[in-house]
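Please open the model in your viewer and keep the selection panel at hand. The tour proceeds from one selection to the next.

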Amino acid sequence: MASGTDGRLKRAAIRLSSSTTFAKIAPYFIPQLDRFLHRISRGRMTLGGAAVPELMLTTIGAKSGQRRVTPLA
C-alpha cells in the first residue's frame, strides 16, 4: 500500500471512530471482531494491538466449564 493511501485510511478511521454513532454501536461489535481476528490470525493480530497494548484473557466457567476469551486493553 502506498503511503498516501495509508494516510487517507488512517484519517478515515479516526473520523469514523470519533463519531457519536460509532461510540454507541462499537461496544457491541468491536470485541467480537477483535476475538475473531485474533482467532483467525492465531494470536498474531488484533484490532487495537498497534495503538493500545492488549492481551486476551482466557477464563473457564465455574459451572459450565466453557472457555471464554475476552480482549483487555
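Begin by selecting L55, which lies in strand β1 (residues 55-60); helices (H or I, at least four residues) and strands (E, at least two) are DSSP runs, numbered from the N terminus. The model is predicted: local features need pLDDT of at least 70, side-chain atom pairs count only at pLDDT 80 or more, and totals for chains, interfaces and linings use all residues. Residues are numbered from 1 along each chain as its sequence is written, and side-chain values use heavy atoms, with hydrogens and water left out.

Is L55 buried or exposed? L55 is partly exposed, because its relative accessible area is 48%, between the limits for buried (under 20%) and exposed (over 50%), with a 1.4 Å probe and protein chains only.

Next, add T70, P71 and L72 to the selection: L55 touches these residues, not counting residues up to four places away in sequence. Contact here means heavy atoms within 4.5 Å. From L55 to T70, the C-alpha to C-alpha distance is 8.4 Å, with their positions 15 residues apart in sequence.

Now move to F36 in helix α2 (residues 20-40). F36 is partly exposed, with a relative accessible area of 39%. Extend the selection to I25, Y28, F29, L33 and I40, which together with F36 make a nonpolar surface patch of about 610 Å².

Finally, display the whole protein, whose 2 helices and 2 strands follow the pattern α-α-β-β along the sequence. Of its 73 residues, 12% count as buried.

Definitions and conventions: Patch = residues over 30% accessible without salt bridge, like charges linked within 9 Å, V, L, I, M, F, W, Y side chains within 5 Å. Areas by Shrake-Rupley, 256 points an atom, 1.4 Å probe, with all protein chains shown as cover. Salt bridge = Lys/Arg side-chain N within 4 Å of Asp/Glu carboxyl O.
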